[in-house]
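Hi,

Here is the structure I said I would pass on to you. Have a look at it first, and then read my notes below.

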Amino acid sequence: MFKEKFGFIENPLIWVINISAAILSWKYWDGLHIEEGSWKNGVVTLGALIVLTLSSFWVYFRADKQVRDFLSGQQVRGMFTTVTSLANIKSNPVRLCLYSKSSEGKLQAAFALAGVWTFAILAIALTGPSESTISGAGVRMIPYIALAAALAIWALLAVLLARTRSAAEKEWFSLSFNPPTAKVPSGYVPGAVMCMSPTPLKSWGSKNFYVCNISDINGPKMPQKGDKRDKVTWSYMTRP
């Protein structure tokens, strides 16, 4: 479970990101000294910032692959997706659940990266400038402005992640209003779904659950039109 949820942590770039963030927070103010030779610290700071930025982007881009694959399967552009395209996906409970599941990894990676950036900037802000730091309110205020922005982004990502997880947990859908289609997403048992009824059904062997082939969703073992069918829900089955 941990590996599925936080698999991005095994990425070696995470260590590059952490080390770059540590160097950035350590050398930031040294790179802004007016003393002779401080330009060397400035180069180190700039290099750490560039590495941190590029590594963060690459980790996020890789975590976003599952989302792009899902959107591609929905005939939607994976890159530069329009609001209209996402609205069409979110209007359907089944597609919304699958989209949310595919987005969890991306948001978890973004949340972790935002945490690294926030703590790096916090360390810079807490250290503060020294007497030999370049004068100017603008230069000295940059870390504090960046810290406020980082905290706001981190909080926003926390809310988005919580909402996405909530939507991803709604795995049961109405058989009458949102029936399964023949196309089963990757990662699930193809061609079949698990059906549940609030009360046992004789056609299901007096059980309240039944594994049904999608092609037989309207077959003789399934309740026909009426209250019984309206109360039946279904869910995709994860591959073992």
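Please keep in mind that this is a predicted model. I will begin at the surface, where Leu46, Leu49, Ile50 and Leu54 form a nonpolar patch. Together these four residues have about 370 Å² of accessible area. To help you find the spot, Leu46 sits in helix H3, which covers residues 39-63.

Next, the salt bridges. The structure has five of them, and one I would point you to joins the side chains of Lys106 and Asp64, with 3.7 Å from N to O. Lys106 belongs to helix H6, while Asp64 is in the loop between H3 and helix H4 (65-73), so this pair ties together parts that lie 42 residues apart in sequence.

Helix H6 comes up again in the second largest pocket. About 310 Å³ of space lies in that pocket, and 13 residues line it. Nearest its centre are Lys90, Tyr99, Leu107, Leu160 and Thr164. Two elements give two or more residues to the lining: helix H6 (93-127) and helix H7 (137-168). Of these, H6 provides the largest share, with seven residues. By character, the lining of this pocket divides into seven nonpolar, three polar and three charged residues.

Now for the sheet. Four strands make up an open sheet, ordered S1-S4-S2-S3, and their pairing is antiparallel. Which strands stand at the edges? They are S1 (173-174) and S3 (207-213); each has a single partner strand, so one side of each is left without a neighbour in the sheet.

As you may like to follow the pairings on screen, here are some details:

- S1 and strand S4 (residues 233-238) run antiparallel and are joined by two bridges. Across this pairing, Phe173 stands opposite Trp234 in S4, and Ser174 stands opposite Thr233 in S4.
- Strand S2 (residues 188-201) also pairs with S4 in the antiparallel sense, over five bridges. Here Val193 is opposite Tyr236 in S4.

If you have time for just a few places, I would suggest the patch that includes Leu46, the salt bridge between Lys106 and Asp64, and the pocket lining to which H6 gives seven residues.

Happy to talk it through whenever suits you.

Best wishes

Key
Residues are numbered from 1 along each chain as its sequence is written. This is a predicted model: local features need pLDDT of at least 70, side-chain atom pairs count only at pLDDT 80 or more; totals for chains, interfaces and linings use all residues. Side-chain values use heavy atoms; hydrogens and water are left out. Two strands pair if DSSP finds at least two bridges between them. Patches are made of residues with over 30% relative accessible area and no salt bridge: like charges are joined within 9 Å, nonpolar side chains (Val, Leu, Ile, Met, Phe, Trp, Tyr) within 5 Å. Accessible areas come from the Shrake-Rupley method with a 1.4 Å probe; for residues, only the protein chains shown count as cover. On a 1 Å grid over the protein atoms alone, a cavity is a set of points where a 1.4 Å probe fits but cannot get out, and a pocket is an open set with protein on both sides within 12 Å along at least five of seven lines; lining residues have an atom within 4 Å of a point. Grid points are joined across faces, edges and corners, and a volume is the space filled by probe spheres set on the points. Ala, Val, Leu, Ile, Met, Phe, Trp, Tyr, Cys and Pro count as nonpolar, Asp, Glu, Lys and Arg as charged, and the others, Gly among them, as polar.
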